[in-house]
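Here are a few short exercises to help you find your way around a new structure. Try each one yourself before you read the worked solution.

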Amino acid sequence: MFDPELESFKNSIDLRAYAAGNGYTLDARESWRGSAVMRHSAGDKIIIKRDADGHYVYFSVRDDSDHGTIIDFVRHRLGLSLGSVRKELRPWIGMPPSILPP
C-alpha cells in the first residue's frame with residue numbers, strides 16, 4: 001500500500017545527513033561516486049547510495065540483515081515502532097513531529 005508520508009521520508013531525507021546527525025562520519029577515502037561509506041565510533045560501517053527509484057538506501061558492512069531505507073535505519077538503530085519512526089522523521093521533511101487533529 002502506497003503511503004505518501006513514508007515515500008517522502010525515503011525520497012526527501014538525505015540518509016547521509018541523517019546518519020551524520022546520529023554520530024556517523026563520512027570516510028571519504030573509501031567512498032566512491034554514487035556511494036558514501038560512513039563509520040560510527042561504536043564500530044558500525046555502512047554504505048549509502050540512492051537507488052534508481054530515488055530512495056536513499058544503506059547496508060551495513062558488518063551485518064547482512066541490516067539494510068534498507070531510512071525507515072529501516074531508524075527502526076534498527078533506535079528500536080522504534082513505525083509510528084515513532086514517523087515522529088522522528090517528520091521534522092526532517094519540515095513537518096511537526098505529531099500531526100494534531102483539528
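**Exercise 1.** In this predicted model, find which residues of helix 3 are buried, and work out how they are arranged around the helix.

*Solution.* Start with the helix itself, which covers residues 70-78. Its buried residues are Ile70, Ile71, Phe73 and Val74. Now look down the axis of helix 3: the buried residues fall within an arc of 160°, so they line one face of the helix. As a general point, an α-helix has 3.6 residues a turn, so residues three or four places apart point the same way. Last, step just past the end of helix 3, and you meet glycine 79 with a positive phi of about 65°.

**Exercise 2.** Is aspartate 44 buried or exposed, and which residues does aspartate 44 touch?

*Solution.* First find the spot: aspartate 44 sits in the loop between strand 2 (35-40) and strand 3 (45-50). Next check its relative accessible area, which is 17%. Buried means under 20%, so aspartate 44 counts as buried. Then list its neighbours: leaving out residues up to four places away in sequence, aspartate 44 touches Tyr24, Met38, Arg39, Ser60 and Arg77. With serine 60 there's a polar contact between the two side chains, at 3.4 Å.

**Exercise 3.** What is the order of helices and strands along the chain, and how does the radius of gyration fit the globule rule?

*Solution.* Count first: the chain has 4 helices and 5 strands. From the N terminus, they run α-α-β-β-β-β-β-α-α. The radius of gyration is 14 Å, close to the 13 Å that the globule rule gives for 102 residues, so the chain is as compact as a globular protein of that length.

Terms used: Residues are numbered from 1 along each chain as its sequence is written. This is a predicted model: local features need pLDDT of at least 70, side-chain atom pairs count only at pLDDT 80 or more; totals for chains, interfaces and linings use all residues. Side-chain values use heavy atoms; hydrogens and water are left out. Buried means under 20% relative accessible area, exposed over 50%, partly exposed in between (1.4 Å probe, protein chains only). Helices (H or I, at least four residues) and strands (E, at least two) are DSSP runs, numbered from the N terminus. The arc is that of the directions from the helix axis to the C-beta atoms. A polar contact is a pair of N or O atoms within 3.5 Å; within protein, one must be able to donate a hydrogen and the other to accept it, and residues adjacent in sequence count only if both atoms are side-chain atoms. Contact means heavy atoms within 4.5 Å. The radius of gyration is taken over C-alpha atoms; the globule rule is 2.2 Å times the number of residues to the power 0.38.
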